Amino acid sequence: MKKKYKIISEDLMNNIIDFLDEVQFDAAKSSTNEDMHKINFCSWAIKELLNSYDGYLRQTLHQTFQVNSNLK
């Protein structure tokens, strides 16, 4: 089975981290079991985003031709 990956921009990644941080902060105000699960999930998700590999999209031959022809 082939693995599929989604590449997201750094801006989107930073926005997701900010959102998860807010959820984590709100959950830290109380100590219910559900809130502890939220804190653990947010912590894990933030760690995964920060430690993820950087991805780069390779230009296709058609895209390269378009860029070079626009420079002339």
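# Note on a predicted three-helix chain

1. Core. The largest nonpolar core is made up of seven residues: Met13, Ile17, Leu20, Cys42, Ala45, Ile46 and Leu49. Two elements, α1 (10–27) and α2 (33–50), each give two or more residues to this core. Helix α2 supplies the largest share, four residues. In soluble globular proteins, nonpolar side chains tend to be buried together. The model discussed here is a predicted one.

2. Leu20. This core residue is a useful place to start when viewing the model. Which residues does Leu20 contact, leaving aside its neighbours within four places in sequence? They are Phe41, Cys42, Ala45, Ile46 and Leu49. Of these partners, Cys42, Ala45, Ile46 and Leu49 are listed in the core with Leu20. Phe41 is partly exposed, with a relative accessible area of 48%.

3. Overall make-up. The chain has three helices and zero strands, and along the sequence the pattern reads α-α-α. Of its 72 residues, 15% count as buried. The chain exposes about 7100 Å², and carbon and sulfur atoms supply 56% of that area.

4. Ile16. This residue lies in helix α1. Is Ile16 buried or partly exposed? Ile16 counts as partly exposed because its relative accessibility is 30%, and buried would mean under 20%. Not counting residues up to four places away in sequence, Ile16 touches Ile8 and Leu49; Leu49 belongs to the core described above. Ile16 and Ala45 are 29 residues apart along the chain, and their C-alpha atoms are separated by 9.4 Å.

5. Asp18. Helix α1 also holds Asp18, which counts as partly exposed at 47% relative accessibility. In sequence, Asp18 and Ile46 are 28 residues apart. From C-alpha to C-alpha, the two are 9.1 Å apart in space. Ile46 is one of the core residues.

6. Gln24. A reader should also look at Gln24, placed in helix α1. Gln24 is buried, because its relative accessible area is 18% and the cut-off for buried is under 20%. Leaving out residues up to four places away in sequence, Gln24 touches Ile39, Cys42, Ser43 and Ile46. Two of those partners, Cys42 and Ile46, are members of the core.

7. Salt bridges. How many salt bridges does the structure hold? There are two. In one of them, Asp26 is joined to Lys29, and the closest N and O atoms are 3.7 Å apart. Asp26 is partly exposed, at a relative accessible area of 46%, whereas Lys29 is exposed, at 64%. Glu34 and Lys38 form a salt bridge whose closest N and O atoms are 4.0 Å apart. Both Glu34 and Lys38 lie in helix α2, four residues apart, about one turn of the helix. Glu34 counts as exposed, with 53% relative accessibility; Lys38 counts as partly exposed, with 35%.

8. Asp35. This acidic residue lies in helix α2. Asp35 is buried yet has no salt bridge. Which side chain of opposite charge is nearest to Asp35? It is Lys38, 4.0 Å away. Lys38 does form a salt bridge with Glu34. Not counting residues up to four places away in sequence, Asp35 touches Ala27 and Ser30. The distance to Lys38 is worth a second look in the viewer, as both the Glu34–Lys38 bridge and the Asp35–Lys38 separation are given as 4.0 Å.

9. Aromatic pair. A search of the whole structure finds one aromatic pair. The rings are those of Phe41 and Trp44, with centres 5.8 Å apart and planes at 40°, so the pair is tilted. Planes under 30 degrees apart would count as stacked, and planes over 60 as edge-to-face. Phe41 and Trp44 both lie in helix α2, three residues apart, about one turn of the helix. Phe41 is partly exposed, with a relative accessible area of 48%, and Trp44 also counts as partly exposed, at 46% relative accessibility. Phe41 is in contact with Leu20 as well, which ties this point back to the second.

Note on methods
Residues are numbered from 1 along each chain as its sequence is written. This is a predicted model: local features need pLDDT of at least 70, side-chain atom pairs count only at pLDDT 80 or more; totals for chains, interfaces and linings use all residues. Side-chain values use heavy atoms; hydrogens and water are left out. A nonpolar core is a set of buried Ala, Val, Leu, Ile, Met, Phe, Trp, Tyr and Cys residues joined through side-chain atoms within 4.5 Å. Buried means under 20% relative accessible area, exposed over 50%, partly exposed in between (1.4 Å probe, protein chains only). Contact means heavy atoms within 4.5 Å. Accessible areas come from the Shrake-Rupley method with a 1.4 Å probe; for residues, only the protein chains shown count as cover. Rings of Phe, Tyr and Trp (its six-membered ring) pair if their centres lie within 6.5 Å; planes under 30 degrees apart count as stacked, over 60 as edge-to-face and the rest as tilted. Lys and Arg count as positive and Asp and Glu as negative; His and the chain ends are not counted.
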